[in-house]
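Grab a pencil and work through these exercises with the model open beside you. Try each task yourself before you read the solution.

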Amino acid sequence: RYNNYKLDIYSYNDFLTSDISNLKSLFLTDLNLLSVDLLSKISNKNINLVIIPSVFNQEIGTDVMLEKFNIESYKPIFLNDGSFVSLHESISNSYFNNLYTTENKYRFIKVFNYINIHSDDNTIIRYNNNSAFLNKYYLNGNNIYLFTTSFNLNDNNIPLKGTFIPL
């Protein structure tokens, strides 16, 4: 009746040498770990790669990201003085629309710091300024989900909202 999931935590080097035949999803919380070696390791494995970057630490993996995902611009944005962006109220995917509806004040997302990536055909959810919040790419047999903000209270209020996207 319930699906039990096994959580494995790897160092970067351990992951590259591990058996990943049963891996369904991989979460990266540091863009420095996004590399050609990592993408080769998961190539054609039907894995959901979820990238949740730190806005403050995104130097090494950006070249790989720009090349593989054909992203034109990639710029950290730090809002201050109480300024924030929120999610655009028009979300075409019905599941995401219900999850992030602005009609429910408990689901209203405020983002203070994010990585500015222009919305394009890969964008599933965008901010009210039309920058991407969540993009989905298909690369070498894998779904790759790229968030443009971390999940910490310095960057947004997502941890307080009880919304997580089951991929």
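**Exercise 1. In this predicted model, is Asn130 buried, partly exposed or exposed, and what is odd about its phi?**

Step 1: find the residue. Asn130 is in the loop between β7 and β8.

Step 2: compare its accessibility with the cut-offs. Buried means under 20% and exposed means over 50%, with partly exposed in between. Asn130 has a relative accessibility of 42%, so it counts as partly exposed.

Step 3: look at the backbone. Most residues other than glycine have a negative phi. Asn130 isn't a glycine, yet its phi is positive, at about 75°.

Step 4: try the same steps on Asp81, which lies in the loop between β3 and β4. Asp81 also isn't a glycine and has a positive phi, about 60°. With 76% relative accessibility, Asp81 counts as exposed.

**Exercise 2. How many helices and strands does the protein have, and in what pattern do they follow one another?**

Step 1: count them. You should get five helices and nine strands.

Step 2: read along the sequence. The pattern is α-β-α-β-α-β-β-α-β-β-β-β-β-α.

Step 3: add a number for the whole protein. Of its 167 residues, 44% are buried.

**Exercise 3. In what order do the five strands of the open sheet lie, and how do they pair?**

Step 1: trace the sheet from one side to the other. The order is β1-β2-β9-β8-β7, and the pairing is mixed.

Step 2: pick out the edges. β1 (25–28) and β7 (123–126) each pair on one side only, which makes them the edge strands.

Step 3: check the twist. From one strand to the next, it averages 15°.

Step 4: zoom in on one pair. β1 runs parallel to β2 (residues 48–51), and four bridges join them. Here Leu26 has Leu49 of β2 as its bridge partner, while Phe27 stands opposite Val50.

Step 5: ask how the chain gets from one strand to the other. β1, α2 and β2 make a β-α-β unit, and it is right-handed.

**Exercise 4. Which residues of β1 are on its covered face, and which are on its uncovered one?**

Step 1: recall a rule. In a regular strand, side chains alternate between the two faces of the sheet.

Step 2: sort the residues of β1. Leu26 and Leu28 belong to the covered face, whereas Ser25 and Phe27 belong to the uncovered one.

Step 3: look for a nonpolar core. Nonpolar side chains tend to be buried together in soluble globular proteins. The largest nonpolar core here has 23 residues, and Leu26 and Leu49 are among those with the most contacts inside it. β1, α2 (36–42), β2, β8 (132–139) and β9 (142–147) each supply at least two of the core's residues.

Step 4: don't stop there. A second, separate core has 20 residues, including Val85, Tyr100, Val111 and Ile125.

**Exercise 5. What kind of aromatic pair do Phe84 and Phe108 form?**

Step 1: get the total. There are six aromatic pairs.

Step 2: judge the geometry of this one. The ring centres of Phe84 and Phe108 are 6.1 Å apart and the planes are at 85°, which makes the pair edge-to-face.

Step 3: place both rings along the chain. Phe84 is in the loop between β3 (75–78) and β4 (85–86), and Phe108 is in the loop between α4 (94–99) and β5 (110–111), 24 residues apart.

Step 4: check exposure. Phe84 is partly exposed at 34%, and Phe108 is partly exposed too, at 27%.

Step 5: look for a charge. Lys110 has its charged end over the ring of Phe84, 5.0 Å from the ring's centre.

**Exercise 6. Why is the pair of Phe147 and Phe151 edge-to-face?**

Step 1: use the angle. Planes over 60 degrees apart count as edge-to-face. The planes of Phe147 and Phe151 are at 75°, with ring centres 5.0 Å apart, so this pair is edge-to-face.

Step 2: set their exposure side by side. Phe147 is buried at 3%, whereas Phe151 is partly exposed at 27%.

Step 3: widen the view. Phe147 and Phe151 belong to one aromatic cluster together with Tyr114, Tyr127 and Phe133.

Key:
Residues numbered from 1 in each chain as written. Predicted model: local features only at pLDDT ≥ 70, side-chain atom pairs only at ≥ 80, totals over all residues. Heavy atoms only, no water. Phe/Tyr/Trp six-rings, centres within 6.5 Å; stacked < 30°, edge-to-face > 60°. Buried < 20%, exposed > 50% of the residue type's maximum accessible area, 1.4 Å probe, protein only. Lys NZ or Arg CZ within 6 Å of the ring centre and 35° of its normal. Pairing = 2+ DSSP bridges. Axes fitted to C-alpha atoms, helices over the stretch in contact; angles between N-to-C directions. Core = buried A, V, L, I, M, F, W, Y, C linked by side-chain atoms within 4.5 Å. Right-handed = clockwise from strand over helix to strand, strands pointing away.
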